[in-house]
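Welcome, and thanks for taking a look at this one with us. Below is a short tour of the open and enclosed spaces in the fold, with a stop at one of the helices along the way.

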Amino acid sequence: MAHHVDHNALLLQVMAHDLLAPLTAVKWQVELLGRDNVPSAKRASYVKGITDSTELGITLTKHAHVAGKVLVGTYAKDESSVSLPEEVRVAVHNLRLQYERHGLDILAEVGDEETERVLDRQLTALMIWSIAKFFLTCTPAGSTVSMRGISGSAHDGSSLYTLIVSAPNVPDMQELARCFQESVARDPYDQTYVFTKLIHTAAPLLGASVNVETQTDLFALEVVFGTAPTAQ
């Protein structure tokens, strides 16, 4: 039975939780910098930490801004030349510490494309972040989430880029796959649902198709980007 879920409220809850970590880190490191006789090496480390945490906070705030508009159908695309593999690498880098705090690892094996694609950069970043967060909500601690990116061609000769994200031993894989495909929540507090909703809403705006598969001990999500690359 489908559950009614206010995905905007769930998104607000998730984003507030995510923003708490970098904001707390900035506050803590500013307090350390304010102490007397801080060694220069530690001072440089604190400044770098403040910079990194601030950049993460800005990235999360941008995601929240774009996600809110996507979910209510008011987002206006702003397309430009984008390196899809690089966007995946950046997203993985930004999420690594959060994965580690949940006892997880995230591994990216992303092949390059010879050319860039015409895509909305912020929407692309939101899509990749949503996929990574989807797996963060459903993957048990001690596991590794793998992201593989593969370039190829369709039957008509157009360029494709396939992103396969997978994780082992995901609980209730069949039910999770069903809820993802039908874009429904498992219960009123299912945070996985907000990322399911974002993925399904953003994918067609990016010219992408999304599918999930389950094997004996592996849950996999496949995203195929079909937008033709720009000419070199």
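Searching the whole structure turns up one cavity of 30 Å³ or more. Please keep in mind that this is a predicted model. Alongside the cavity, there are two pockets to visit, with volumes of about 450 Å³ for the largest and about 360 Å³ for the second largest.

**The cavity**
- The largest cavity holds about 30 Å³ of space.
- Its lining is made up of F134, L176, C179, F180, V184, R186, D190, T192, Y193 and T196.
- Two helices, α5 (173-182) and α6 (192-205), each provide at least two residues of this lining.
- Sorted by class, the lining of the largest cavity comprises six nonpolar, two polar and two charged residues.

**The largest pocket**
- Turning to the open spaces, the largest pocket has a volume of about 450 Å³.
- Its lining counts 20 residues, and nearest the centre of the pocket you will find T59, H63, V90, N94 and A125.
- Four helices each contribute at least two lining residues here: α1 (7-33), α2 (40-72), α3 (84-101) and α4 (121-138).
- In the lining of the largest pocket, nine residues are nonpolar, five are polar and six are charged.

**The second largest pocket**
- About 360 Å³ of space belongs to the second largest pocket.
- It is lined by 14 residues, with D52, S53, L56, H93 and L97 closest to its centre.
- Two or more lining residues come from each of α1, α2 and α3.
- The biggest contribution to the lining of the second largest pocket is that of α2, at six residues.
- The lining of the second largest pocket splits into five nonpolar, four polar and five charged residues.

**A closer look at α2**
- Helix α2 supplies lining residues to the largest pocket and to the second largest pocket, which makes it a good place to pause.
- Its 33 residues reach 48 Å from the first C-alpha to the last, close to the 48 Å expected at 1.5 Å a residue.
- The buried residues of α2 are Y46, G49, I50, S53, G57, L60, H63, V66, A67, V70 and L71.
- Two of these names may ring a bell: H63 is buried in α2 and lies among the residues nearest the centre of the largest pocket, while S53, also buried, is one of those closest to the centre of the second largest pocket.
- After α2 comes G73, which has a positive phi, near 75°.

Definitions and conventions: Residues are numbered from 1 along each chain as its sequence is written. This is a predicted model: local features need pLDDT of at least 70, side-chain atom pairs count only at pLDDT 80 or more; totals for chains, interfaces and linings use all residues. Side-chain values use heavy atoms; hydrogens and water are left out. On a 1 Å grid over the protein atoms alone, a cavity is a set of points where a 1.4 Å probe fits but cannot get out, and a pocket is an open set with protein on both sides within 12 Å along at least five of seven lines; lining residues have an atom within 4 Å of a point. Grid points are joined across faces, edges and corners, and a volume is the space filled by probe spheres set on the points. Ala, Val, Leu, Ile, Met, Phe, Trp, Tyr, Cys and Pro count as nonpolar, Asp, Glu, Lys and Arg as charged, and the others, Gly among them, as polar. The expected span of a helix is 1.5 Å times one less than its number of residues. Buried means under 20% relative accessible area, exposed over 50%, partly exposed in between (1.4 Å probe, protein chains only).
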